[in-house]
Amino acid sequence: MKIEFYGVRGSMPTPGENTVVYGGNTSCVYLELSNGNNVILDSGTGIAKLNAKFKSYKRPIHLLVTHNHWDHIQGFPYFAPIYSKDTTIEIVTGITDSNDTDMILKQMSGTNHPVKYNHLPSSITLNTQLAHQKEFPLNGFNVTTQPLNHPDGGTAYCLTGDNQKVAYVTDNELKPPYAESSTWEEWVEFIKDADVLIHDAQYTNKDLPLKHGWGHSTHEQVAELAMQANVTKLFFISHDPSTTDAEIAFQEQELQHRLKNKLSLAWAKEGSSYSIDTQAFSNITAKRAQ
Ligand SMILES: [Zn+2]
């Protein structure tokens with residue numbers, strides 16, 4: 001399976017000289033099987049970087065959305081294929097408390113965006129019920145779901161294909177002060193033995209006193225979870241918008257040093273792609289895209 005990161009920033013886009021290494025676009029990850037079947041995860045501003053890949057794409061496009069916070073849907077109006085009559089898109093929406101499952105389209109109401117969603121020439125199917133299922137097939141992948149611990153809820157997805165397992169868990173607070181939608185033990189079970197875990201880790205321990213309950217996890221909490229669940233490779237995502245490249249590089253080096261030989265982890269970089277060749281992390285090869 002191939003993994004490509006197109007947007008890794010949390011909360012809001014952060015262009016500028018301090019984010020050129022890790023990237024400033026909001027959540028969007030692309031997974032592709034060896035036979036070419038693929039799924040897009042979330043449509044933050046990073047999804048616009050997929051426009052070239054899908055320019056002449058003739059097959060249905062599959063998009064899995066975790067929840068409707070801006071940083072997970074705001075790139076959708078700029079995803080060029082939606083303006084082509086030849087495009088078919090199937091969107092699976094996450095399960096949220098406010099049940100505003102069509103928000104990804106309704107943001108194109110004329111108020112926030114000049115083109116109204118009901119004027120789009122493409123054929124868009126919105127599946128608002130599928131994520132209620134614990135397991136379902138999607139374009140060659142087997143998908144399992146788990147409710148996120150996050151204000152207004154949302155859905156985490158685990159995708160299996162090519163005999164490999166990738167878990168996409170964002171935004172998620174592993175140890176919230178409010179009633180959990182999923183317990184620590186359920187998260188361990190959900191991501192158990194994953195080849196790759198992509199998990200929100202927006203906070204440092206210093207952030208917690210102020211931000212406990214805001215719906216995100218710390219680096220240490222996510223690393224602990226990954227180790228308990230026997231994850232091969234961990235990527236942090238949903239980077240804090242105020243954190244600079246230099247700060248992330250420092251945090252990454254420090255945590256990698258502290259966990260040496262216990263866990264392989266990295267902060268996801270926008271524009272990076274990986275292929276999982278075998279179960280062993282050493283064979284996950286990184287190819288930095290331009
Ligand atoms: Zn969120």
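What radius of gyration would a compact globule with 290 residues have, and what does the protein have? The rule puts such a globule near 19 Å, and the protein has 18 Å, which agrees. Keep in mind as you click around that this is a predicted model.

**Stop 1: the whole chain**

Start with everything shown. The C-alpha trace spans about 55 × 40 × 40 Å along its principal axes. Colour by secondary structure and you should find six helices and 15 strands. Of the 290 residues, 45% count as buried. Among contacts with a separation of 6 or more, 67% are between residues 24 or more positions apart.

**Stop 2: the seven-stranded sheet**

Now bring up the open sheet, whose seven strands run in the order S7-S8-S9-S10-S11-S12-S13, with mixed pairing. At its edges are S7 (135-138) and S13 (264-267), each of which pairs on one side only. Neighbouring strands here are turned by 20° against each other on average, direction ignored. As background, strands of a sheet pair through backbone hydrogen bonds, either parallel or antiparallel.

**Stop 3: walking in from S7**

Select S7 together with S8 (residues 141-147). Four bridges join S7 to S8, and the two run antiparallel. Look for Leu138, whose bridge partner in S8 is Phe141.

Next, add S9 (residues 155-161). Six bridges link S8 to S9, again antiparallel, and Thr145 stands opposite Tyr157 in S9. Is S9 enclosed or open? Six of its seven residues are buried, so S9 is largely enclosed by the rest of the structure.

On the way from S8 to S9, pause at the loop between them, where you'll find Asp152. Its phi is near 75°, a positive value in a residue other than glycine. That catches the eye because most residues other than glycine have a negative phi. Asp152 has 15 C-beta neighbours inside 10 Å, so it counts as partly exposed.

**Stop 4: the S9–S10 hairpin**

Add S10 (residues 164-169). S9 and S10 pair in the antiparallel sense over five bridges, with Thr160 opposite Lys165 in S10. Zoom in on the turn: the hairpin has two residues between the strands, and Asp162 takes a positive phi near 55°.

Keep following the chain past S10 and select Thr170 and Asp171. What kind of peptide bond joins Thr170 and Asp171? A cis one, with omega at about 0°. Asp171 sits in the loop between S10 and H3, and that loop leads you to the next stop.

**Stop 5: helix H3**

Select H3 (residues 184-191) and show its side chains. Trp187, Phe190 and Ile191 are buried. Looking down the axis of H3, you'll see these buried residues fall within an arc of 80°, so they line one face of the helix. What do they pack against? The list is S8, S9, S10, S11 and H5. Spin the view to the face turned away from the buried side, and there are the exposed residues Glu185 and Glu189. Just after H3 comes Asp193, which has a positive phi near 60°.

**Stop 6: S12 and its neighbours**

Move over to S12 (233-237). All five of its five residues are buried, so S12 is largely enclosed by the rest of the structure. In which directions do they point? Lys233, Phe235 and Ile237 go one way, while Leu234 and Phe236 go the other. That fits a general pattern: in a regular strand the side chains alternate between the two faces of the sheet.

Show S11 (196-200) beside S12: five bridges join the two, which run parallel. Ile198 has Phe235 in S12 as its bridge partner. With S13, S12 is also parallel, this time through four bridges, and Lys233 stands opposite Ser264 in S13. Now switch on H5 (residues 219-228), which lies across S11, S12 and S13 and runs at about 155° to S12.

**Stop 7: back to the start of the chain**

For the last stop, select Ser11, in the loop between S1 (2-7) and S2 (28-32). Ser11 has a positive phi of about 70° although it is not a glycine. Is Ser11 buried or exposed? It has 20 other C-beta atoms within 10 Å, so Ser11 is buried.

Key: Residues are numbered from 1 along each chain as its sequence is written. A residue is buried if 20 or more other C-beta atoms lie within 10 Å of its own, exposed if 12 or fewer, and partly exposed in between; C-beta atoms are placed from the backbone. Two strands pair if DSSP finds at least two bridges between them. The radius of gyration is taken over C-alpha atoms; the globule rule is 2.2 Å times the number of residues to the power 0.38. Two residues are in contact if their C-beta atoms, placed from the backbone, lie within 7 Å. Axes are lines fitted to C-alpha atoms, for helices over the stretch in contact, and angles run from 0 to 180 degrees between N-to-C directions. The arc is that of the directions from the helix axis to the C-beta atoms.
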